[in-house]
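This report walks through one structure, site by site. Please keep the sequence and the 3D view open while reading.

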Amino acid sequence: MSITVEAYARECAEQGLRGDYAACQADFTVEQSHDYTDEDREVWHILCDRQTKLTSKLAHHSYLDGVEALGLLEQIPDFHKVSERLRGMTGWEIVAVPGLIPIDAFFDHLANRRFPVTNWLRSKKELDYIVEPDMFHDFFGHVPILTQPVFADFMQLYGLKGGEAVKIGGEQMVSRLYWYTAEFGLMRESGAPVLKAFGAGLMSSFTELQFAVTSPDAHHVPFDLGTVMRTSYEIDKFQRAYFVLPSFDTLRDAFSKADMPGLVARWKDAEPLDPAAV
Ligand code: HBI
Ligand code: FE
């Protein structure tokens, strides 16, 4: 790890991040706090209730199968219990973190099939939008799809090869890949005419999930690894491009075959592509 917990905790405090970083282990994990309040439980219930009405119609079946298999949503999840089930399915587990952690620590967890999940929950007045990923985004958005074996393989490979690419200046390019797949990815299986979402940013957003899947104004682009890694994005508005996969195998196979050092050397300093124009 490049940065120490103390230094990172100071940085986060300066940026006003919400989590208790001082409690971190050296790998930036913490114990999942069990002192959730009645407001937390109410917020969890409101968010899950509202969002499942949409995901039941618009989410890829692999995500829904994962929700079913992990028995996620009755109450605030116990990370250790969910890890036990998840480990038995795809070898993944979830670890509690106080929020965003340094990128090299993040990749190292993914490379070891550990998904970092924030341990605090947004407040009632932040129901519709929150800047930092909270437990609802990380858990409800990212965890169920880790039961899908091919995507689970991709996410570990992403940790391994993406982590290497970060070391040679590929941070922006690998972040774009994560953004346009794990966060805002769509699927249109060959043969099936319907479009479904699987990215966590869509799974956990009431408004953007509907826009991305059903709006005629949503700009759908066939997935291409090089294009994705060259296309810029903005974090605080609807995406101006949504990349569409024909299968999870396409994503895993394209990434496992990719010459990351070659791609990073060729494109890392190039002008990014405009998502509206790809
Ligand atoms: N930390 N906890 C957490 N969750 C993330 O999704 C995350 C992170 N640190 C870095 C990071 N994501 C981004 O760099 C990704 O684009 C890789
Ligand atoms: Fe996320």
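## His80 at the surface

His80 counts as exposed, with a relative accessibility of 53%. The cut-off for that class is over 50%. All of this rests on a predicted model. His80 belongs to helix α4, which spans residues 79-90.

His80 can also be placed against Ile94, 14 residues away along the chain. Their C-alpha atoms are 7.7 Å apart.

## The iron site

Which residues donate to the iron ion (ligand 2)? The protein donors are His137 through NE2, His142 through NE2 and Glu183 through OE. They lie 1.9 to 2.1 Å from the ion. Along the sequence, the donor residues follow the spacing H-x4-H-x40-E. His142 sits in helix α6 (residues 135-142) and Glu183 in helix α8 (residues 171-183), so this pair ties together parts that are 41 residues apart in sequence.

Are His142 and Glu183 buried or exposed? His142 is buried, at 4% relative accessible area. Glu183 is buried too, at 9%. Both values fall under the 20% limit, which means that each residue counts as buried.

## The setting of α8

Helix α8 carries more than the iron donor Glu183. Of its 13 residues, 10 are buried, so the helix is largely enclosed by the rest of the structure. The buried residues include Met173, Val174, Arg176 and Leu177. Tyr178, Trp179 and Tyr180 are also among them. Thr181, Ala182 and Glu183 are buried as well.

## The ligand 1 pocket

Where does ligand 1 sit? Ligand 1 occupies the largest pocket. Two elements give two or more residues each to the shell around it: α5 (103-111) and α8. The largest share comes from α5, with 3 residues.

The residues around ligand 1 include Val97, Gly99, Leu100 and Ile101. Ile103, Phe106 and Phe107 also belong to this set. So do Tyr158, Ser175 and Tyr178. Tyr178 is also listed among the buried residues of α8.

## Polar contacts to ligand 1

Three short distances to polar atoms stand out here. A polar backbone atom of Gly99 is 3.0 Å from a nitrogen atom of ligand 1. For Ile101, a backbone N or O atom lies 2.9 Å from a nitrogen atom of the ligand. Ser175 uses its side chain: a polar atom there is 3.3 Å from an oxygen atom of ligand 1. Taken alone, ligand 1 exposes 390 Å², and the protein buries 86% of that.

## The loop between α1 and α2

Thr29 lies in the loop between α1 (5-15) and α2 (38-58). Thr29 is buried, with a relative accessible area of 10%. Its side chain makes a polar contact with the side chain of Asp27, at 2.6 Å.

Phe28 lies in the loop between α1 and α2 as well. Phe28 counts as buried, at 1% relative accessibility. Its phi is positive, about 70°, although Phe28 is not a glycine. Most residues other than glycine have a negative phi.

## Gln51 in α2

Helix α2 holds Gln51. Gln51 is buried, with a relative accessible area of 1%. What lies 2.8 Å from a polar atom of the Gln51 side chain? The backbone oxygen of Met203 does.

## Arg113 and Asp104

Arg113 is another non-glycine residue with a positive phi, here about 55°. Arg113 falls in the loop between α5 and β2 (114-118). At 16% relative accessibility, Arg113 counts as buried.

Asp104 lies within helix α5. Asp104 is partly exposed, with a relative accessible area of 29%. Asp104 and Pro272 are 168 residues apart along the chain. Their C-alpha atoms are separated by 23 Å.

Conventions. Residues numbered from 1 in each chain as written. Chains lettered and ligands numbered in written order. Predicted model: local features only at pLDDT ≥ 70, side-chain atom pairs only at ≥ 80, totals over all residues. Heavy atoms only, no water. Donors = N, O, S within 2.8 Å, 3.2 Å for Na, K, Ca; no water. Helix = DSSP H or I, 4+ residues; strand = E, 2+ residues; numbered from the N terminus. Buried < 20%, exposed > 50% of the residue type's maximum accessible area, 1.4 Å probe, protein only. Near = heavy atom within 4 Å. Polar contact = N/O pair within 3.5 Å; in protein donor to acceptor, adjacent residues only side chain to side chain. Areas by Shrake-Rupley, 256 points an atom, 1.4 Å probe, with all protein chains shown as cover. 1 Å grid on protein atoms, 1.4 Å probe; cavity = no way out; pocket = protein on both sides within 12 Å on 5 of 7 lines; lining within 4 Å. Sits in = over half its atoms within 2 Å of the grid points.
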